[in-house]
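Please look over the sequence and the model shown here before reading on. The report that follows takes up helix packing, the sheet and the domains in turn.

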Amino acid sequence: MISAIGKRRVDVLSTLKASPTPITIAQLAAELAVHPNTVRFHLDHLEADGHVERVQPHHRSPGRPPQLYRAVRRMDPAGPTRYRMLAEILANGLAADDDPATKAREMGRAWGRTLPRPATDSPVDALVQTLDDIGFAPEPPDDDRLRLRHCPFLDLAQTRAALVCPIHLGLMQGALESWQAPVAVERLDAFVEPDLCVARLGPRGDS
């Protein structure tokens with residue numbers, strides 16, 4: 001449920017979007033039947049958020065020129081998104097590869113190599129923190145096992161595990177490789193339980 005302040009801000013922005021030319025604070029106040037200070041308050045926030053911009057008047061006249069505003073023309077980043085559709089398209093393209101699992105793993109490795117190492121001495125702790133930041137909900141490692149209690153791509157992994165899980169394996173391998181860690185992820189056992197995947201750790205080698 002939108003608040004009164006939020007509704008008023010939407011009204012200010014909608015009025016600017018509907019205007020074919022930049023308009024003044026006074027014009028906005030008259031259009032919305034509110035005090036100019038109310039309009040100015042909302043304009044300041046909308047400008048700070050990048051939704052509106054000030055415009056210089058084309059013709060100079062004696063005295064201080066009025067401030068003109070217009071809506072910034074752009075697509076709304078808070079609008080509807082269809083990332084699942086994009087993921088399906090990419091997965092379908094990947095599945096058409098001659099060796100989709102290997103290709104997926106190498107894509108994950110490339111991604112993993114770009115991940116910065118958290119400030120910790122232990123590479124395993126750094127991996128745990130990285131996976132936690134991404135959304136894997138890892139538990140503290142137990143010997144050579146790293147338990148993951150969540151999949152950030154769960155809806156896709158449930159139907160495309162043969163593609164998604166190799167990406168996750170490659171991600172972990174690529175991160176540890178780029179950090180020159182003495183440990184590696186040898187394999188990823190997916191969904192050994194309904195709420196559990198297990199990454200198997202071992203000494204660094206050709207994983």
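At what angle do helix α6 and helix α7 pack, and how far apart are their axes?

## Packing of α6 and α7

In this predicted model, helix α6, which spans residues 123-134, packs with helix α7, residues 154-178, at an angle of about 135°, and their axes lie 11 Å apart. Angles that are neither roughly parallel or antiparallel nor within 65 to 115 degrees count as oblique, and α6 and α7 are therefore oblique to each other. The crossing in which α6 passes α7 is right-handed.

On the α6 side, the residues that take part are Pro123, Leu127, Leu131 and Ile134, and they meet Leu171, Met172 and Leu176 of α7. By class, the residues of this contact between α6 and α7 comprise seven nonpolar, no polar and no charged.

## The sheet and helix α1

The model also contains an open sheet of three strands, arranged in the order β1-β3-β2 with antiparallel pairing. Because β1 (23-24) and β2 (52-55) stand at the edges and each has a single partner strand, one side of each is left without a neighbour in the sheet. Strand β3, residues 68-71, runs antiparallel to β2 and is joined to it by four bridges; within this pair of strands, glutamate 53 stands opposite arginine 70 in β3.

Helix α1, made up of residues 4-18, packs on the sheet and touches β1, β2 and β3, and the direction of α1 makes about 90° with that of β3.

## Packing of α1 and α2

Helix α1 has a further partner in helix α2 (residues 25-32): the axes of α1 and α2 come within 11 Å and cross at roughly 115°. Here too the handedness can be stated, since α1 passes α2 in a right-handed crossing.

Which residues of α1 meet Leu28, Glu31 and Leu32 in α2? From α1 they are Arg8, Asp11, Val12, Thr15 and Leu16. Sorted by class, the residues in the contact of α1 with α2 are four nonpolar, one polar and three charged, whereas the contact of α6 with α7 has seven nonpolar residues, no polar and no charged ones.

## Domains

According to the domain assignment, the protein chain holds domain 1, covering 4-71, and domain 2, covering 83-203. When the centres of domain 1 and domain 2 are taken over C-alpha atoms, 48 Å separate them.

How values were computed:
Residues numbered from 1 in each chain as written. Predicted model: local features only at pLDDT ≥ 70, side-chain atom pairs only at ≥ 80, totals over all residues. Heavy atoms only, no water. Pairing = 2+ DSSP bridges. Helix = DSSP H or I, 4+ residues; strand = E, 2+ residues; numbered from the N terminus. Contact = heavy atoms within 4.5 Å. Axes fitted to C-alpha atoms, helices over the stretch in contact; angles between N-to-C directions. Parallel < 35°, antiparallel > 145°, perpendicular 65-115°, else oblique. Left-handed = near helix turned anticlockwise from the far one by under 90°. Nonpolar A, V, L, I, M, F, W, Y, C, P; charged D, E, K, R; others polar. Domains from an automatic or database assignment.
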